Amino acid sequence: YRAYSLSLEPSDFGRLMGDGFDCGAEIIPLKRGVLCQKSVLDSSKVVLTAKPISGYQVDSWSGCVAPNGIENCTVTVDQLKSVSVNYVKKKFPLTIIGGNVGGKVTISVGGINCSENLDACTKALESGSEVTLTAIPSDINLAAVWTGCKPSGVNTCILKITGESFVSVRYSKKARRLVVEGSSGDGVIT
C-alpha cells in the first residue's frame with residue numbers, strides 16, 4: 001500500500017481534529033510553521049473538524065474543499081496534502097431601533113448611520129467590540145433617552161458586543177431650569 005503525508009497547520013484560534021489528528025491552540029504550544037502530520041493510505045478520505053476557540057468561527061479552508069463557514073471538511077489523500085483553516089471573530093447583529101423619531105444615530109465602529117427615515121437599522125459587529133452610539137437630535141431642545149446600552153455623556157452611550165444586541169433611542173424635551181428672582185414675599189408661579 002502506498003501512503004502520503006497529510007499535514008495540518010495549527011492555529012491560535014482553534015483546533016483541527018479527525019482521524020487521529022488533534023492539533024491546535026489548546027493542544028500544543030504554537031510555533032508558526034510547525035505542522036501536525038501523519039501518513040495516510042493512498043485515496044483515504046479524512047474528515048476534519050475545526051473547533052474554534054470562544055468568540056471565533058470558521059471562515060474558510062485551504063487544501064480542503066468545503067463551503068465557507070462550515071466546520072467540517074473532507075480531504076482525499078491521493079498525494080502529499082496540507083490543510084489549514086482560517087478563523088475569524090464571530091459577528092453579532094446590533095440593531096438600533098427608533099432613530100427615526102426626532103433625530104439620527106451614528107456608531108463609532110462598523111459604519112452605522114441610522115438616518116431620520118429609518119425605523120431600525122442593523123449592522124454585524126465583531127465579538128468583543130466596544131462601540132459608542134451617538135444620537136444627533138433634529139432639534140436642539142431634544143435629548144436622547146437610551147435603552148440597551150450604558151449612557152456615557154450627552155446623547156451618547158456605550159455597549160460591548162457579546163451577542164445579538166438591541167438598542168433603542170427616543171428623544172424627549174430637555175429639562176429646563178427655572179430661576180426666579182424677585183423680592184421676598186408671598187407669591188405663586190404658574
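Two strands are taken as paired if DSSP finds at least two bridges between them. In this predicted model, β1 and β4 meet that criterion with six bridges, and their pairing is antiparallel. One of the residue pairs involved is Ala 3 with Leu 41, the latter in β4.

The pairing of these two strands belongs to a wider arrangement. An open sheet of four strands runs in the order β4-β1-β8-β6, with mixed pairing. Its edges are formed by β4 and β6, each of which pairs on one side only. On average, and with direction ignored, neighbouring strands of the sheet are turned by 25° against each other.

Strand β1 also offers a polar residue worth a closer look, Ser 7. Is Ser 7 buried or exposed? With a relative accessible area of 6%, Ser 7 counts as buried, because the cut-off for that class is under 20%. The side chain of Ser 7 makes a polar contact of 3.4 Å with the side chain of Gln 37.

Turning to the nonpolar interior, the largest core holds 22 residues, and the members touching the most others are Leu 6, Leu 8, Leu 48, Trp 61, Val 75 and Val 83. Two or more residues of this core come from each of β1 (3-8), β3 (21-24), β4 (36-41), β5 (44-52), β6 (56-62), β7 (72-77) and β8 (81-89). Another core, of 20 residues, lies apart from it and includes Leu 125, Val 131, Leu 133 and Ala 135. In soluble globular proteins, nonpolar side chains tend to be buried together.

Technical notes:
Residues numbered from 1 in each chain as written. Predicted model: local features only at pLDDT ≥ 70, side-chain atom pairs only at ≥ 80, totals over all residues. Heavy atoms only, no water. Core = buried A, V, L, I, M, F, W, Y, C linked by side-chain atoms within 4.5 Å. Buried < 20%, exposed > 50% of the residue type's maximum accessible area, 1.4 Å probe, protein only. Polar contact = N/O pair within 3.5 Å; in protein donor to acceptor, adjacent residues only side chain to side chain. Axes fitted to C-alpha atoms, helices over the stretch in contact; angles between N-to-C directions.
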